[in-house]
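This report concerns aromatic ring pairs and the surroundings of one residue in a protein chain. Please consult the sequence and the structure shown below while reading.

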Amino acid sequence: VVWFAVLAENFNVSIPYMQIKNADVRNSKFGQALVLETLKASGGYVLGFRVDPADALERIQKQIVGLHKVFGTNPVFGIDFSVEEKSALADVTVPKREDDVQIVDSSEIPDIEPSILYAAEGSKHDREPVYNPELGLAVEKLKEGTTIQGLWSIL
């Protein structure tokens, strides 16, 4: 059920049929009103709606009750599915595949200081950092004839 109030745009309501407990016509201080009760699990609200013209009230209430019954008999949960015939397990089984990896025993690898791995060959100390406007970062000063573009190029 979707309710759009022309005179009060901030009072618009959407209630799924599965959350409706009861739809009835009752007397209120504004006259006859459509009253929708929601299930306790969805808040247990009692909402009253005035319907203009008043003679349409009974018709709308009966239509909501009828649609609620139809939904209760054949609910729509928002997804469509189809049941397929069962296939043999062998038809849908994917064969196992061995990964092409080599596991190395860590006891065979000597302990190496990680910073040594990053040092340039033959370098005894770090070069001073300089600002590189191309990268917008401070980097070690490049060797003569070396460019940032050259470092990123694939040979």
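The following paragraphs treat the aromatic pairs and then a single asparagine.

The model is predicted. It holds two aromatic pairs. A pair of aromatic rings is described by the distance of the centres and the angle of the planes. The table gives these values.

| Pair | Centre to centre | Angle between planes | Class |
|---|---|---|---|
| Trp 3 and Phe 49 | 4.4 Å | 35° | tilted |
| Tyr 17 and Phe 71 | 6.1 Å | 35° | tilted |

The pair of Trp 3 and Phe 49 links distant parts of the chain, with the two positions 46 residues apart in numbering. Trp 3 belongs to strand E1 (residues 2-3), and Phe 49 belongs to strand E5 (residues 46-49). Both Trp 3 and Phe 49 are buried.

The pair of Tyr 17 and Phe 71 also links distant parts of the chain, being 54 residues apart. Tyr 17 lies in the loop between strand E2 (13-14) and strand E3 (20-28), while Phe 71 is part of helix H1 (residues 57-73). Tyr 17 has a relative accessibility of 21% and therefore counts as partly exposed. Phe 71 has a relative accessible area of 16%, so this residue is buried.

Attention now turns to the asparagine. Asn 132 is located in strand E6 (residues 129-132). Its relative accessible area is 11%, so Asn 132 is buried. A polar atom of the Asn 132 side chain lies 3.0 Å from the backbone nitrogen of Leu 135. Leaving aside residues up to four places away in sequence, Asn 132 touches Leu 137, Val 139 and Ile 148.

How values were computed
Residues are numbered from 1 along each chain as its sequence is written. This is a predicted model: local features need pLDDT of at least 70, side-chain atom pairs count only at pLDDT 80 or more; totals for chains, interfaces and linings use all residues. Side-chain values use heavy atoms; hydrogens and water are left out. Helices (H or I, at least four residues) and strands (E, at least two) are DSSP runs, numbered from the N terminus. Buried means under 20% relative accessible area, exposed over 50%, partly exposed in between (1.4 Å probe, protein chains only). A polar contact is a pair of N or O atoms within 3.5 Å; within protein, one must be able to donate a hydrogen and the other to accept it, and residues adjacent in sequence count only if both atoms are side-chain atoms. Contact means heavy atoms within 4.5 Å. Rings of Phe, Tyr and Trp (its six-membered ring) pair if their centres lie within 6.5 Å; planes under 30 degrees apart count as stacked, over 60 as edge-to-face and the rest as tilted.
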